[in-house]
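This report describes the fold of a single protein for a reader who is new to structural biology. Please keep the sequence and the model in view while reading.

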Amino acid sequence: MTSQQDAKPADAIADNWVERFLPIALQPYARLARLDRPIGSWLLFLPCLWGLMLSSPGARLAPPLTTILLYGLGALVMRGAGCTYNDIVDRDIDRQVARTAGRPLAAGLVSIPQAVAFLLLQCLIGLAILLQFNTLTIELGLVSLALVATYPFMKRITWWPQLWLGLTFNWGVLMGTATLLGDIPPAAIWLYIAGIFWTLGYDTIYAHQDREDDALVGVKSSARWLGERTRPAVALFYSAMLVSLALAGFNHQMGILFWVGLVIVAGHLARQVVLLDINNPALCLTLFRRNRDTGIIVALALLLGWQG
């Protein structure tokens with residue numbers, strides 16, 4: 001069996017809080033839920049926040065804090081559940097990929113029954129949070145499980161699992177809008193589409209870390225399919241995101257501050273495209289992580305667009 005030290009994830013933040021504060025016995029479960037790599041929780045939460053910000057009445061400074069906190073906790077828990085499920089399905093593949101060989105299931109630090117029990121616990125917590133919302137939000141949350149359940153298999157049947165991830169990770173736009181409005185207006189649809197293109201861009205960058213190992217084990221990805229065409233493709237994906245954001249703004253009659261924010265987002269994305277080097281895994285991870293800031297800027301633009 002692999003030791004805890006040997007199984008330390010290659011892409012985890014050095015000296016992270018899981019290693020510093022959690023008991024050794026709990027660390028494999030925290031890693032299974034990716035609590036040592038919070039960027040995924042941010043990227044799941046931010047589209048929810050977009051939907052909430054889009055739906056905030058102009059007379060209110062922001063969505064209710066309790067609603068934001070519930071979505072934040074829900075994103076943290078359900079991202080962990082999704083990663084746990086993904087690792088159960090992909091454990092044999094993970095053992096063959098350098099970056100993922102240290103994951104708890106692949107490294108033998110957690111058994112399948114233990115992982116399943118942990119998955120059920122996370123799902124129960126997620127359900128308890130979901131039940132705090134209105135009927136439409138609950139229905140949308142349950143529908144999203146179909147996207148989550150099928151995602152791990154996409155890399156086996158299509159070159160575009162990143163597109164499926166975009167459909168899955170940005171579902172929170174629709175849920176956040178439904179929570180405050182009880183409806184899904186056209187602007188929310190455009191915002192969801194913007195999120196899909198955003199994920200397609202940043203996750204293609206992320207997938208270049210595993211491009212060679214994926215080829216050896218037969219795993220498909222947009223990174224492998226695009227290869228040297230990645231830079232123009234990511235530029236196209238990000239451009240489509242910006243156009244979709246603009247259409248959301250037009251549909252919702254956003255004020256000038258939204259458009260100022262959109263210009264800042266465009267500059268932020270353009271810098272990623274310019275700096276991208278698909279043969280530098282460390283840089284790909286850095287650029288991927290910068291999308292947390294991108295998502296925050298979009299959320300602020302949506303919030304301030306109501307005020308300006």
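How many of the eleven residues of helix α8 (residues 171–181) are buried? The answer is given under the second heading, after a view of the whole protein.

## Overall form

The model is a predicted one. The protein contains 15 helices and zero strands. Its C-alpha trace extends over about 60 × 45 × 35 Å along the principal axes. A compact globule of 308 residues would have a radius of gyration near 19 Å, and the protein agrees with this because its own value is 19 Å.

Of the 308 residues, 53% are buried. The protein exposes about 13,400 Å², and 68% of this area is supplied by carbon and sulfur atoms. Contacts often link distant parts of the sequence: among those between residues at least 6 apart, 74% join residues at least 24 apart. The protein has 22 positive and 19 negative charges, and the mean positions of the two groups are 2 Å apart.

## Helix α8 and its surroundings

Nine of the eleven residues of helix α8 are buried, and the helix is therefore described as mostly covered, where buried means under 20% relative accessible area. The buried residues are Trp-171, Gly-172, Val-173, Leu-174, Met-175, Gly-176, Thr-177, Ala-178 and Thr-179. Their cover includes helices α3, α4 (65–94), α5 (112–130), α6 (135–157), α7 (161–169) and α9. Just after α8 comes Gly-182, which has a positive phi of about 70 degrees.

One of these covering helices, α6, holds Gly-141. Gly-141 has a relative accessible area of 8% and is therefore buried. Setting aside residues up to four places away in sequence, Gly-141 touches Leu-130 and Met-175. Gly-141 and Trp-171 are 30 residues apart in sequence, while their C-alpha atoms are 8.4 Å apart in space.

## The nonpolar cores

In soluble globular proteins, nonpolar side chains tend to be buried together. In this model, the largest nonpolar core has 62 residues. The residues with the most contacts inside this core are Trp-50, Leu-191, Trp-198, Tyr-238, Met-241 and Leu-302. Helix α3 (residues 39–55) contributes the largest share of the core, with eleven residues.

Which residues does Leu-302 contact, leaving aside its neighbours within four places in sequence? They are Trp-50, Met-53, Leu-54, Leu-191, Met-254 and Phe-258. A second core, separate from the largest, consists of nine residues, among them Ala-33, Ala-81, Ile-88 and Phe-118.

## A buried threonine and a partly exposed serine

Is Thr-204 buried or exposed? Thr-204 belongs to helix α9 (residues 186–207), and it counts as buried because its relative accessibility is 0%. Beyond its neighbours within four places in sequence, Thr-204 is in contact with Gln-162, Thr-199, Ser-222, Ala-223, Leu-226, Thr-230, Val-234 and Phe-237.

Ser-239 is part of helix α12. This serine has a relative accessibility of 38% and so counts as partly exposed. Ser-239 and Phe-197 are 42 residues apart along the chain, and 8.5 Å separates their C-alpha atoms.

## Residues in loops

Most residues other than glycine have a negative phi. Arg-34, in contrast, has a positive phi near 60 degrees. Arg-34 lies in the loop between α2 (27–32) and α3, and its relative accessibility of 5% is the reason why it counts as buried. Gln-253 also has a positive phi, of about 55 degrees. Gln-253 is placed in the loop between α12 (230–251) and α13 (256–275). At 72% relative accessibility, Gln-253 counts as exposed.

A further loop residue is Ala-107, located between α4 and α5. Ala-107 is buried, since its relative accessible area is 6%. The C-alpha atoms of Ala-107 and Val-274 are 37 Å apart in space, and the two residues are 167 apart in sequence.

Definitions and conventions: Residues numbered from 1 in each chain as written. Predicted model: local features only at pLDDT ≥ 70, side-chain atom pairs only at ≥ 80, totals over all residues. Heavy atoms only, no water. Helix = DSSP H or I, 4+ residues; strand = E, 2+ residues; numbered from the N terminus. Rg over C-alpha atoms; globule rule 2.2 N^0.38 Å. Buried < 20%, exposed > 50% of the residue type's maximum accessible area, 1.4 Å probe, protein only. Contact = heavy atoms within 4.5 Å. Areas by Shrake-Rupley, 256 points an atom, 1.4 Å probe, with all protein chains shown as cover. Lys, Arg positive; Asp, Glu negative; His and termini not counted. Charge placed at Lys NZ, Arg CZ, Asp CG, Glu CD. Core = buried A, V, L, I, M, F, W, Y, C linked by side-chain atoms within 4.5 Å.
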